[in-house]
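Dear colleague,

I am handing over the structure below for your consideration. My findings follow directly after it, and I should be grateful if you would read them alongside the coordinates.

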Amino acid sequence: MVNTLLEDLKWRGLIYQQTDEEEIEKLLNQKQVKLYCGADPTADSLHIGHLLPYLTLRRFQEFGHRPVVLIGGGTGMIGDPSGKTEERVLQTEDQVAQNVKGIQKQMEQLFDFNSDNGAILVNNRDWLSQISLIEFLRDYGKHVGVNYMLGKDSIQTRLEHGISYTEFTYTILQAIDFGYLNKEMDVQLQIGGSDQWGNITSGIELMRRMYGTTDVYGLTIPLVTKSDGKKFGKSESGTVWLDREKTSPYELYQFWINTSDEDVIKFLKYFTFLSKEEIETLEQSVKDEPHLRKAQKALAENVTRFIHGEEALSEAQRISQALFSGDLKALTADEIKTGFKDVPQVTLSQGTTNIVDALVETKISSSKRQAREDVSNGAIYINGERQQDLQYELSNEDKYENAFTIIRRGKKKYFMVNYQ
């Protein structure tokens with residue numbers, strides 16, 4: 001049982017750095033605190049690599065504090081040098097505006113905006129765009145020493161490869177954000193990934209120099225790593241997005257359910273709101289009955305439900321079960337397309353209907369002899385149904401939406417057969 005927010009964050013392994021642990025704990029125990037986390041709209045969707053800071057922000061909300069969710073419509077025009085070895089390609093204003101809309105929609109899924117401590121959504125373009133060049137240099141630039149900036153890791157790592165003045169000033173813009181939110185909305189805490197430490201402390205330093213403000217703080221979250229050393233957030237088909245049009249709920253579910261035993265408990269702590277007791281029970285299950293994969297199922301269910309809702313979770317589970325059992329009759333054509341998005345695609349001419357000829361033409365079987373053996377031995381399935389008749393003719397009844405057929409060879413080798 002964890003009693004306080006910081007105890008919970010520590011138990012989950014979510015605290016990497018704090019500017020003043022004692023003062024942050026005192027502040028959080030005294031009153032409802034406004035805190036913020038920001039993301040630049042570099043695409044029209046977040047991916048799961050962005051998720052952890054926002055889930056952590058949501059934990060603050062669960063404990064009664066008030067999150068301010070910042071989307072960087074202004075800073076997104078510049079580009080954060082943190083974690084980059086070369087200059088970003090600048091986006092157009094229209095691209096940034098479109099991306100802002102997409103991310104705003106996702107934030108509405110991640111946070112409660114309607115309760116007494118409902119989240120507040122802000123866009124830093126609203127205030128950064130009002131600052132003239134002269135004001136930027138006089139009011140802010142005068143308080144930021146070049147030597148101080150050069151000491152930041154995000155700047156130092158770029159000096160060898162080169163950094164433009166545009167990206168060099170990024171940390172000042174983010175510092176302005178913290179100062180603005182503190183003055184206008186009484187935001188006292190900024191959280192972010194560990195790569196944001198330099199930007200966060202710059203904001204605190206700017207407020208100290210400009211306004212004499214000392215009761216503002218920063219907290220960072222560790223980088224998510226996998227036990228096998230591979231980058232977190234990538235699947236075989238690429239980046240795992242929160243946008244269901246880019247990564248379907250089924251694909252998201254599969255990403256989490258394929259988590260290794262070595263990582264699953266850490267990810268349950270990071271990415272779900274399950275209690276300490278529930279996670280410890282699942283941890284015991286990983287040790288005692290790993291074949292049941294209860295922890296992986298709990299992880300996949302909780303994250304998919306949180307991001308896409310109960311209905312999308314049910315669809316993902318239905319597709320997963322149908323593909324596991326080979327019973328495709330329970331699925332719609334759209335669900336079939338989703339589930340078989342990454343299987344080999346082959347093409348069959350409309351005139352070929354005999355099953356043996358079809359297997360050879362699509363190279364599912366290597367020769368007519370092999371095709372006959374595959375059919376006779378029961379290794380061929382048409383839309384989930386075993387077919388052992390060498391004279392079987394493919395017909396329109398075997399086509400989903402009169403466009404494609406799923407043929408399986410053996411236990412797991414699926415092919416989507418399209419028709420010319």
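Strands β12 (residues 404-409) and β13 pair in the antiparallel sense, over 6 bridges. Please note that the model is a predicted one. Within this pairing, Ile 407 has Phe 415 of β13 as its bridge partner, and Arg 409 stands opposite Lys 413, also in β13. The two strands form a hairpin with 3 residues between them. In the turn of that hairpin, Gly 410 has a positive phi of about 75°.

Strand β13 also pairs with β9 (residues 345-348), here in the parallel sense and over 4 bridges. In that pairing, Val 346 stands opposite Val 417 of β13. Both pairings belong to an open sheet of 5 strands, in the order β9-β13-β12-β10-β11, and the pairing across the sheet is mixed. The edges are held by β9 and β11 (385-386); each has a single partner strand, so one side of each is left without a neighbour in the sheet. As for β13 itself (residues 413-419), 5 of its 7 residues are buried, so the strand is largely enclosed by the rest of the structure.

I turn next to the nonpolar cores. The largest comprises 76 residues, and the members with the most contacts inside it are Tyr 54, Trp 256, Leu 268 and Phe 271. Once neighbours within four places in sequence are left aside, Leu 268 is in contact with Arg 12, Leu 274, Ile 279, Leu 282, Ala 295, Ala 298 and Leu 299. A second, separate core has 28 residues, including Met 149, Ile 172, Ile 204 and Val 216.

Ile 204 of that second core is also one of the buried residues of helix α11, among them Gly 198, Asn 199, Glu 205 and Met 207. Helix α11 (residues 197-211) has 15 residues and reaches 21 Å from its first C-alpha to its last, close to the 21 Å expected at 1.5 Å a residue. The cover over its buried residues includes the helices α6 (133-140), α7 (146-150) and α10 (170-185), together with the strands β5 (187-193) and β6 (217-221). Just after α11, Gly 212 takes a positive phi of about 75°.

Helix α10 brings me to the annotated positions. According to the unreviewed UniProt entry, the annotation "binding site" covers Tyr 36, Tyr 170 and Gln 174. Are the two positions in α10 buried or exposed? Tyr 170 lies in helix α10, and its relative accessible area of 3% is below the 20% cut-off, so Tyr 170 is buried. Gln 174, which is likewise placed in helix α10, counts as buried at 8% relative accessibility.

The contacts of these two residues can be set out as follows, leaving aside neighbours within four places in sequence:

- Tyr 170 is in contact with Asp 40, Thr 75, Ile 78, Gly 79, Asp 80, Pro 81 and Asn 199.
- Gln 174 touches Tyr 36, Gln 190, Gln 196 and Asn 199.

Asn 199 thus appears in both lists, and Asn 199 is itself among the buried residues of α11. Tyr 36, which Gln 174 touches, is also covered by the "binding site" annotation in the UniProt record.

With kind regards

Notes
Residues numbered from 1 in each chain as written. Predicted model: local features only at pLDDT ≥ 70, side-chain atom pairs only at ≥ 80, totals over all residues. Heavy atoms only, no water. Core = buried A, V, L, I, M, F, W, Y, C linked by side-chain atoms within 4.5 Å. Buried < 20%, exposed > 50% of the residue type's maximum accessible area, 1.4 Å probe, protein only. Contact = heavy atoms within 4.5 Å. Expected span 1.5 Å × (residues − 1). UniProt positions renumbered as here; feature names shortened; annotations may be inferred. Pairing = 2+ DSSP bridges.
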